[in-house]
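Open the model in your viewer and keep the selection panel at hand. The stops below go from the core outward.

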Amino acid sequence: MPAPDAVFSNAVGTSTAERLSVGGVDLEVIRRGAGRPVLLLHGMQHVSPDARFLDLLGRHAEIIAPSHPGFGNSPRPADFETVYDLVRLYLAVLDSLPYERVTLIGLSFGGWLAAEIAVACRHRLDRLVLVDALGIKVSDRETPDILDVFNTSPAEVRRRAWHDPARWAPDYDALSDEELVLRARNWDALCLYGWHPYMYNPQLKRWLGGIRVPTLVVWGASDGLVTPAYGRAYAQCIPGARFELIARAGHQPEIEQAESFVDTVARFLGR
Amino acid sequence: MDAWWQCEVPYPFIPPDVLTATDSVRASLPNRYCDPKIAADLFEEVIDEFLLCDDLGLHVLAIEHHAGINSLLASNPMLLGILARQTRQVRILTLGTLISLRQDPVRVAEEYATADVISRGRLEIGFVKSGGSEMASANANPINNVERYWEAIDLITKALSHHEGPFSWEGKHYTHRHVNIWPRPWQTPHPRLWSATGDPDTAAEVGRRGMVHVLVLRGPEGTRRAYAAHRRARAEAGLPKVTTDNFAYAAFVYVGDTDEEGLRVGSKLLWFLHTSLKSAPQYSRFLPGSIEPHLAPQVYRSAPRPGATTLSANQNAARLTSISVEQAQAQGILFAGNPDTVYRQIMEFYDQVGGFGHLTLIGRSGYMTHAESEKGIRLFSTEVLPRLRAIKPVTVD
């Protein structure tokens, strides 16, 4: 099915959130910077327009960062229920963008989507970057690879998600009403898509070997949700993938170490 | 009015320091704290209490909860099977297998049909939406829980009432290509259906379906609102009015010889609120899907912003877990005293909420002893129940 062209509702190049409509699905999208096109798929939280890494990465690339249906201010169509609805949506987004090839960056949960998309789509990607990505099963059946964020105490999740939680973890008592409402939307959507099997596709690992684009796997050295060992195993499944650790960062190196994260990604994009 | 007795078979024998240290007495408290020998004694006592109810003509009710000190009844059909065989006259309400946690509703229909046949048609089938820590215990996605609830009810109802050979079900949450249960239920088209809910949307659907609508410990305002949503939905759908027989209320109930005894023993039931509700935040206020996102500011913050008019989730929970005997009585959560007092309290509540045809008694909880429980059952059955039975169903607007 030929996808219709992407329709951005605001002028290209503004830094505020715009809308993107593909195949009847309406998405909130942040656009930032100029250069090679990058489709950025967010993790457990939608990307905040104030995130510093957006401006830093925007010096090297034109970033297109949609909020997945159900996250942020993107509505979820009633029949959007699984990760595969998201994967097919973003395959349609890739086909509809006015670029022959796009670099795909996936963070955490969005890294799972990016890996699925890279397996399914060889012709529209030129580079793949997975950042503390979820999506595969590595260890034995009694060793969970991915911390169960829904069934673990919030204090423990906080401790394991950040290298420096005191500085970076959100304080729900200090967040605005609007931010808390968006967090609740993100939480529900993440649960819908990722509850079972918990944050992975049992079949994905088998197909990662078919990825042909140059791939970088970036990992926060202090990530306690999915450890660097999992990241190394992920990279080993993808032919020729490089693996880079970001020191003093947890599950979100793009937040905790924006400079070294962007330096690492920019070096890879420039190769 | 009918009355139904139940005990959730709680397991209160946890060292106080463990109770204080743990963040949750549900889902995550290690089962090494559950001594199977004590559990066996509890089951024996409680099943004997159910059989005493049968002797006295007081209907019985079997619930289900998972992995917590509040209840050892993790497998509703097990108790149901015992009650179906060992009781001889009373009706048996399952309230019920937590169907949105079970992956195969057809199996649930088989269990219910079997219990209905063994009891020779004494089964009533109640459904409970579940939530909270049950989701973790059952590996069940808390999102779409209510969708699964209704689809499972539809599939179970069809499995119980379809007698013309295999049918196919390819729904959103359940697929089963060859449904043809044996035995079929004793009652036709199927046992009466009940549903427990306080939220107005589900209450409306319960009303449209004509199920018996149970409110649990909701107090007068919440109960009246839910019953009203039930009736309004029927009126809006052009359905006939229902009688009080469509409404049920569950409360802690204890009858003693005197008010002093009734209150002293009955107050032990509040252990359920004071101790067995302790639930970690991931199973309660941060459970996905448990609130509409617009309520997150009240629920996610540890305390409300200055000037806020509503309580935070923390404050609400604290209000329930620290409720006093007097407050519980005033809110229609506890009916306790001598027979006259208990009857009066029930009827005051009846008038406050617009009437109901079924009282479901949470009759034993916490550290209440077997002897105390049996005494309460006897006094309720002989001194209060005949008066309740005299209250006939009436149509309510």
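Start with the largest nonpolar core, a set of buried Ala, Val, Leu, Ile, Met, Phe, Trp, Tyr and Cys residues joined through C-beta atoms within 7 Å. This core has 96 residues, and B:V60 and B:A251 have the most contacts inside it. Buried means 20 or more other C-beta atoms within 10 Å of a residue's own, and exposed means 12 or fewer, with C-beta atoms placed from the backbone. Select strand β9 (residues 247–255) of chain B, which gives the most to this core, with 9 residues; strands are DSSP E runs of at least two residues and helices H or I runs of at least four, numbered from the N terminus.

The model is predicted: local features need pLDDT of at least 70, side-chain atom pairs count only at pLDDT 80 or more, and totals for chains, interfaces and linings use all residues. Residues are numbered from 1 along each chain as its sequence is written, while chains are lettered from A and ligands numbered from 1 in the order written.

Next, select helix α2 (residues 36–56) of chain B. Its buried residues are B:V46, B:E49, B:F50 and B:C53. They cover an arc of only 100 degrees around the axis (taken from the directions from the helix axis to the C-beta atoms), which puts them on the same side of α2(B). The face turned away carries the exposed residues B:K37, B:A40, B:D41 and B:E44. After α2(B) comes B:G57, with a positive phi near 80 degrees.

Finish at the contact between the chains, which takes 21 residues from chain B and 19 residues from chain A; contact means C-beta atoms, placed from the backbone, within 7 Å.

Conventions. Contact = placed C-beta atoms within 7 Å. Expected span 1.5 Å × (residues − 1).
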